Amino acid sequence: MTTTTTKVEFKSYDGLTLRGDLYNASQPGSRPCIIMTNGFGGEKHHMIPDFAVRFSAAGYHALIYDNRCWGESDGLPRNETDPIFHQRDYLDAFDFVTTLPDVDIERIVYWGSSMAGGNAIIAAAANKLIRAVISQVPFTSGEMVGTAASMAGPSPDPRAMLGNRRAVREGGADKGVMIPIFPDENGKGGVLSEPGAILFTKEMDRRGIKWEKFTTLQTMANVALCEPIAFIHRISPTPLLMVIAENDVTCPTPWALAMFEKAREPKKLHVVRGAGHFDVYTGQPFEDNIKIQLKFLEEVLA
């Protein structure tokens, strides 16, 4: 069955235009909708359409939109991630899909992966009108920034970061310092320094997917202020599915397990065995992952 998509756009609370693709449900009538965004440096066409296609085939609409400052969405500085704004944008995405004629407004689900997995948790804590939330290989805490065993490696120099803020403030967004998102071919550098990141970018290259190589230095200050672990207990009584990778280094598995423990019922955990952070998007780990997610959705959207 062929999945049909529709280009859509909606306004954020502060007036930015956010753009995305609506994957239409394969079944007619009023159907549930999954609201999806991608992780750190990710755009709407980076691997997660594979999930949306499967959701569509199962009879659900799926909205994937680019986060502000990335891809087709508006916002400055370009390629800057600010989780607090991204969390709030989930609220506007929810409001948008409730205006669509074929969406069942009582059965809307938040979905996020990696950085967005943490954002979806915080957005779900604020919005009790959603039916459920799926958080995949989620970012857990800004404390991870600068932790050698997780994303970002050594902490950015505070003086450099503050100096960069001054340069942008006085000279404009194009004066910002940019830092690499992924490691180079030798595994050096990059915010997402897990070895699997290189294979992930090669897979995007193989598929002809364009991806950004740099993010702003200020992004790291923004990420350091993000604390999904402090909000996760507030999701209840909304059902939660957390999917984590057994060998995740980018968003370390022990941190994710600790965050899941803080969540209140109803909650479900699925561990993708033998997988790293970037493995859950492709191959057999993806198949195992999507099977669990579809089963969860069938249960909570019945």
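A crossing of two helices is called right-handed if the near helix is turned clockwise from the far one by less than a right angle. In this predicted model, the crossing of helix 2 and helix 3 is right-handed. Helix 2 spans residues 83-97 and helix 3 residues 115-126; their axes come within 9 Å and cross at roughly 55°. The two helices are therefore oblique to each other. On the side of helix 2, the contact is made by Pro 83, His 86, Gln 87, Tyr 90 and Leu 91. Helix 3 contributes Met 115, Ala 116, Asn 119, Ala 120, Ile 122 and Ala 123.

A second helix pair can be described in the same terms. Helix 1 (residues 49-57) packs against helix 8 (residues 283-300) at an angle of about 40°, with the axes 11 Å apart. That angle makes helix 1 oblique to helix 8, and helix 1 passes helix 8 in a right-handed crossing. Asp 50, Phe 51, Arg 54 and Phe 55 are the residues of helix 1 that take part. They meet Phe 286, Glu 287, Asn 289, Ile 290, Gln 293, Leu 294 and Leu 297 in helix 8.

Attention now turns to the sheet. Eight strands form an open sheet in the order 1-2-4-3-5-6-9-10, and the pairing is mixed. Strand 1 and strand 10 (267-272) are the edge strands, each pairing on one side only. From one strand to the next, the twist averages 20°.

The walk across the sheet can start at strand 1. Strand 1 (residues 5-11) pairs with strand 2 in the antiparallel sense, over seven bridges. One of the matched positions joins Lys 7 to its bridge partner in strand 2, Asp 21. These two strands form a hairpin with five residues between them, and Gly 15 in the turn has a positive phi of about 95°. Strand 2 itself (residues 17-23) is mostly covered, with six of its seven residues buried. Strand 2 also pairs with strand 4 (residues 61-65), again antiparallel, over four bridges. Here Leu 22 has Leu 63 of strand 4 as its bridge partner.

Parallel pairing appears further along the strand order. Strand 3 (residues 31-37) and strand 5 (residues 103-113) run parallel and are joined by six bridges. Within strand 5, Tyr 110 stands opposite Ile 35.

Helices also lie against this sheet. Helix 3, already met in the pair with helix 2, lies across strand 3, strand 5, strand 6 (132-136) and strand 9 (240-245). The direction of helix 3 is at about 140° to strand 5. Helix 7 (residues 253-262) packs on the sheet as well, where it touches strand 9 and strand 10. Its direction makes about 165° with that of strand 9.

Finally, the cysteines deserve a look. The structure holds zero disulfides. Cys 69 is in no disulfide, and the nearest cysteine sulfur, that of Cys 226, is 15 Å away. With 5% relative accessibility, Cys 69 counts as buried, because the cut-off for burial is under 20%. Cys 226 is likewise in no disulfide; for this residue the nearest cysteine sulfur belongs to Cys 251, 10 Å away. Cys 226 is buried too, its relative accessible area being 2%.

Technical notes. Residues numbered from 1 in each chain as written. Predicted model: local features only at pLDDT ≥ 70, side-chain atom pairs only at ≥ 80, totals over all residues. Heavy atoms only, no water. Buried < 20%, exposed > 50% of the residue type's maximum accessible area, 1.4 Å probe, protein only. Pairing = 2+ DSSP bridges. Disulfide = S-S within 2.5 Å. Axes fitted to C-alpha atoms, helices over the stretch in contact; angles between N-to-C directions. Parallel < 35°, antiparallel > 145°, perpendicular 65-115°, else oblique. Contact = heavy atoms within 4.5 Å.
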